Amino acid sequence: GGSKFEMTPHSLSDYILHQQAATTKSKSYASHMVMGDAVSLLKLRANTVSYLAARFKQLDLNGDGHIDYLEFCHAFKADPIEAEKQMKNLFYLFDTDQSSERDLYERITFDEFLVGVALCFMDTMLEDAVRVMFNGCADDDGLLHKQHICGVYQKMVDPSKFDDGRVFNEWLQKMKQFETIVFGKKHTLNLEQFHHGIVSNNLQYMVHHFLQSIITMTLKIKLSKNDFSTSTTDETTDSEIFINPTTQFVRSSSIVPVEP
C-alpha cells in the first residue's frame, strides 16, 4: 500500500534485518554477509525470508537478535549438557564463519540462520550438508561407524512429526539401505569416503532428508519448492532442491508459484 520503500527481494531482506535490529536493545546484531544478497545467493524467495525472520524471532527467546546455544537446545527440547555432542554439531550447522575455535558462547545471527536452513535443501550446498551430517554422527575418533547414522536418526527424529508410524518406518528402512550402500564392505568411513559414497550413488536426497527431518521439522520450519527461486533465469533448477514430503506443509501465507 503506502510503503515508502520499494518491495524487492534485496530491499526486503535488508528491511527485515533493520526491523529486527530496531526491536532489540542490543546493537550487536552482526551480519557476516551482505544481507542484500541473501535472496539471490541462497535462492530463497522474498516471502520466504520474511517467514524465516518471523520464525527466527520466535526462537530468539531473550530478544537480543541472536539464537544462543541454550535457546537452540530449548527449541529441540534437549538437555544442553547431556546431549552436548549432537546439539553442538547441529548448532554449528549455522556457524558460517567456519571459526576454528568454537565454543558454546557463539550465537547464530539471522543471516547464518538463513544459510543453515538453505543448506538442508540445496544440492549446490551439498558438501557442507554432508559435513554436517558426518559430524553429527561420527565418533570422537573422527570416523563414521556403520549403524551410527540410523542410531542418530532414531534418537533425534520425532516419529510423531510424520503422518503415521508407517511413514517413519519406511524412511528408517531407507536410511538403513543408505548406510548399506554408502559403507559397502567398510565398517568405518572418513569424511571424504562418506562424501564419495553419497555422490557416486546419487544419494544426495538422503542427506537432505536426514537434515530436514532432524533440523527443520524440529524448528517447525515448513518449506516447499515454491519457497525457492527456480525460474529459467536462475542457475538453480527444480531438481537441485529436495523437499522431504513429510515437511511440506501448506502455510496460511502461501508463496506465489514461480512463473514459467
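Being three residues apart in helix α7 (residues 126-137), Arg131 and Asp128 are separated by about one helical turn. In this predicted model, the side chains of Arg131 and Asp128 meet in a salt bridge, with N and O 3.5 Å apart. The two partners differ in their surroundings: Arg131 has a relative accessibility of 17% and counts as buried, whereas Asp128, at 35%, counts as partly exposed. An α-helix has 3.6 residues a turn, so residues three or four places apart point the same way. Side chains of opposite charge can pair when their charged atoms come close.

A search of the whole structure finds four salt bridges. Another of these lies in helix α5 (residues 84-91), where Lys88 and Glu84 are four residues apart, about one turn of the helix. The side chains of Lys88 and Glu84 meet at an N to O distance of 3.7 Å. Here Lys88 is partly exposed, with a relative accessible area of 27%, and Glu84 is likewise partly exposed, at 30%.

A further salt bridge joins Asp64 to Arg107, the closest N and O atoms being 3.6 Å apart. This pair links distant parts of the chain, 43 residues apart: Asp64 is in the loop between α3 (46-59) and β1 (67-68), and Arg107 is in strand β2 (residues 107-108). Asp64 counts as buried, because its relative accessibility is 16% and the limit for a buried residue is under 20%. Arg107, at 36% relative accessibility, counts as partly exposed.

The chain as a whole has 11 helices and four strands. Of its 260 residues, 48% are buried. Among contacts between residues at least 6 apart in sequence, 69% join residues at least 24 apart.

Helix α6 (residues 110-119) is mostly covered, with 10 of its 10 residues buried. The buried residues of α6 include Asp111 and Glu112, together with Phe110, Phe113, Leu114 and Val115. Also among the buried residues of this helix are Gly116, Val117, Ala118 and Leu119.

One residue of α6, Phe113, is also a contact of Leu59. Leu59 is found in helix α3 and counts as buried, with a relative accessibility of 8%. Leaving aside neighbours within four places in sequence, the other residues in contact with Leu59 are Ile67, Glu71, Ala75 and Leu219. Between the C-alpha atoms of Leu59 and Phe72 the distance is 7.4 Å, for a separation of 13 residues in sequence.

A polar contact is made by Asp227, whose side chain meets the side chain of Thr48 at 3.0 Å. Asp227 is found in the segment after α11. At 1% relative accessibility, Asp227 counts as buried.

Empty space within the model was examined next. Rolling a probe the size of a water molecule over the atoms shows where empty space is left. Two cavities of 30 Å³ or more are found in the whole structure, and about 80 Å³ of space lies in the largest cavity. The elements that give two or more residues to the lining of this cavity are α5, α7, α8 (148-156) and α11 (204-216). The largest cavity is lined by Gln86, Asn89, Leu90, Val132, Met133, Gly136, Val152, Met156, Phe210 and Ile214. Seven of the lining residues are nonpolar, three are polar and none is charged.

The largest pocket has a volume of about 390 Å³. Of the 17 residues that line the pocket, the closest to its centre are Ala75, Phe76, Lys77, Lys161 and Thr218. Ala75 is thus named both here and among the contacts of Leu59. Elements giving two or more residues to the lining of the largest pocket are α3, α4 (69-76), α5 and α8. Among them, α4 gives the most, with three residues. The lining of the largest pocket comprises eight nonpolar, three polar and six charged residues, while the lining of the largest cavity has no charged residues. Helices α5 and α8 are among the elements that give two or more residues to the lining of the largest cavity and to that of the largest pocket.

Methods:
Residues numbered from 1 in each chain as written. Predicted model: local features only at pLDDT ≥ 70, side-chain atom pairs only at ≥ 80, totals over all residues. Heavy atoms only, no water. Buried < 20%, exposed > 50% of the residue type's maximum accessible area, 1.4 Å probe, protein only. 1 Å grid on protein atoms, 1.4 Å probe; cavity = no way out; pocket = protein on both sides within 12 Å on 5 of 7 lines; lining within 4 Å. Points joined across faces, edges and corners; volume = space filled by probe spheres on them. Nonpolar A, V, L, I, M, F, W, Y, C, P; charged D, E, K, R; others polar. Polar contact = N/O pair within 3.5 Å; in protein donor to acceptor, adjacent residues only side chain to side chain. Contact = heavy atoms within 4.5 Å.
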